[in-house]
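Student: Please take me through this model one question at a time, and state the cut-off behind each term when you first use it.

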There are 2 protein chains.
Amino acid sequence: MLIMRSVPEDLTAPARIRDAAIALFGAQGYDGTSVRAIAAAAGVSPALVLHHFGSKEGLREACDSWIIDEVMGRKEGLTTEHDLASTMQEWLADTERFRPSLDYLARTIVDGGETGARLFAHLVDRTESMLASQTEAGIVRPSSDPRMTAAIVATHGLVPLVLERVLARSLGDTGLSSALIARMTLPTLELYTHGLYADSTVLDAATAALKGTPSEGAP
Amino acid sequence: MLIMRSVPEDLTAPARIRDAAIALFGAQGYDGTSVRAIAAAAGVSPALVLHHFGSKEGLREACDSWIIDEVMGRKEGLTTEHDLASTMQEWLADTERFRPSLDYLARTIVDGGETGARLFAHLVDRTESMLASQTEAGIVRPSSDPRMTAAIVATHGLVPLVLERVLARSLGDTGLSSALIARMTLPTLELYTHGLYADSTVLDAATAALKGTPSEGAP
DNA sequence: GTCTATATAATGATAGAC
DNA sequence: GTCTATCATTATATAGAC
């Protein structure tokens, strides 16, 4: 399978290699991508890849650093005014530009390694402070466990990215098109505005059950 | 890294190989697992693995079929009374028994291949009919797009499984312990009962915006 | 059915010329 | 900096004995 990627020729070789690696790692995974394939996509020899980055693992670390800067360093992106889900949607909308990085990001987080854990924890931190300020402003409801709520909201924002392929196919589409993203907006906001349940029966029952048995001990 | 797995000796060799493969594929991924490792875990020679399943890919397909039966075939599991999230929590609670299959399931769905797409579509189908019957019963609020809502709820149910490692670490834990799962219950139900937003400002704005510009055209 | 031994291909990495 | 040529390792898969 050939992956065509428009690598600008005016970039320096290490930059072209890094871009090609991010695109291929994101599309096929780390194990599923060979140094040879990266070299071919970047228009260089396999030896040059290892000359510049020491090893395949070294190249991965360079890609990780690049992604960390892209996600954490930018002023744009996550602000306290936009929640993660809508930011995600903006990113997904600008497909051509961000897709390779986003696919790489998704794989890194799902892989569960050190970099993925750091990135996700950072997203949760941002979400938590965003929710805190919006709660203070009366926009967001207070939570019984703000950190956990932030983690849950963060995962919800990442889900369209992580489950992109199967999600699209379950809705009769082939990829996560911008039309599909638009279609997700309203149901997501409905859920985040009114909840899923019609009343608080389930929540009340769970609350009572949890208070009745704090940790298998009687009060 | 050694993965200890208690494979009962009384199983037939193909069954032991299949179980070992599911555990290793789930833990390390398909590419990250060699036929040798599977053979060692099952206590047989590498050649026997290929003798019984033809190829590594054939073994994967056998594992896929097994998982499909486990997820789709059971009477237990998903019913119209339990939503996906709570079913997920029950499964995660019975760690020792279901973990290998669940990890394999998560990887299969994230991979986005044919099997993963089928499995996820099936989960969405089940969620959709569950939501429909519960909406009719007045338990669940009606949605403007039931299929999409079902897809969203299904992804939310899979999140603890798919993002297990990073989710746990962002909350100061190392793995998705039962304590962490318990801690997720209340915030999740709060979100599903009252929503995240304090009022319908955001939803109203989005609804107006979407109606105002159906697809970049003026009304 | 199960094994040992081996074939064959691909991979990450190195050496050394230019 | 960049290449060609090559090494050493590992992978899947096969052949054939028992």
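**Protein and DNA**

Student: How far does a backbone N or O atom of A:Lys56 lie from a phosphate oxygen of DNA strand C?

Tutor: This is a predicted model, in which local features need pLDDT of at least 70 and side-chain atom pairs count only at pLDDT 80 or more, while totals for chains, interfaces and linings use all residues. Residues are numbered from 1 along each chain as its sequence is written, chains are lettered from A and ligands numbered from 1 in the order in which they are written, and side-chain values use heavy atoms, leaving out hydrogens and water. A polar contact is a pair of N or O atoms within 3.5 Å; inside the protein, one atom must be able to donate a hydrogen and the other to accept it, and residues adjacent in sequence count only if both atoms are side-chain atoms. The backbone atom of A:Lys56 and the phosphate oxygen of DNA strand C are separated by 2.7 Å.

Student: Which residue places a polar side-chain atom 3.2 Å from a base nitrogen of DNA strand C?

Tutor: Contacts with this strand also involve the phosphate, since an N or O atom in the side chain of B:His52 is 3.1 Å from a phosphate oxygen of DNA strand C. The base nitrogen, at 3.2 Å, is approached by a polar side-chain atom of A:Arg36.

Student: Which element gives the most to the surface near DNA strand C?

Tutor: A residue counts as near when one of its heavy atoms lies within 4 Å of the strand; 15 residues surround DNA strand C, the closest being A:Val35, A:Leu50, A:Lys56, B:Ser45 and B:His52. Sugar and phosphate make up 53% of the atoms of the strand that come within 4 Å of the protein. Helices here are DSSP runs of H or I with at least four residues, strands are runs of E with at least two, and both are numbered from the N terminus; at least two residues each come from α2 (35-42) and α3 (46-53) of chain A and from α3 of chain B. With four residues, the element that gives the most is α3(B).

Student: How many nonpolar residues does the surface near DNA strand D have?

Tutor: DNA strand D is surrounded by 15 residues, and the closest are A:Ser45, A:His52, B:Val35, B:Arg36 and B:Lys56. Four residues, the largest share of this surface, come from α3(A). Counting Ala, Val, Leu, Ile, Met, Phe, Trp, Tyr, Cys and Pro as nonpolar, Asp, Glu, Lys and Arg as charged, and the others, Gly among them, as polar, the surface has two charged residues, six polar ones, and, as nonpolar, seven.

Student: How far is a backbone N or O atom of A:Ser45 from a phosphate oxygen of DNA strand D?

Tutor: Two other residues also reach a phosphate oxygen of this strand at 3.0 Å, A:His52 through a polar side-chain atom and B:Val35 through a polar backbone atom. For the backbone atom of A:Ser45, the distance is 2.9 Å.

**Helices and core**

Student: How far apart are the end C-alpha atoms of helix α4 of chain A?

Tutor: The expected span is 1.5 Å times one less than the number of residues, so the 18 residues of α4 (residues 56-73) should span 26 Å. The model agrees with this expectation, with the end C-alpha atoms apart by 25 Å.

Student: Is A:Thr155 buried or exposed, and what is its relative accessible area?

Tutor: A:Thr155 sits in helix α8 (residues 146-162) of chain A. Contact means heavy atoms within 4.5 Å, and beyond its neighbours within four places in sequence, A:Thr155 is in contact with A:Phe120, B:Val159, B:Leu163 and B:Leu167. Buried means under 20% relative accessible area, exposed over 50%, and partly exposed in between, with a 1.4 Å probe and protein chains only. A:Thr155 is therefore buried, at 1%.

Student: What share of the 219 residues of chain A counts as buried?

Tutor: Chain A has eleven helices and zero strands. Among its contacts between residues at least 6 apart in sequence, 60% join residues at least 24 apart. The buried share is 49%.

**Between the chains**

Student: What is the area buried between chain B and chain A?

Tutor: In contact across the interface are 62 residues of chain B and 61 residues of chain A. B:Arg141, B:Leu196 and B:Tyr197 supply 12% of the area that chain B buries against chain A, more than any other three residues. Buried area is the accessible area (1.4 Å probe) that two parts lose on being put together, summed over both. Carbon and sulfur atoms give 69% of the total, which is about 6100 Å².
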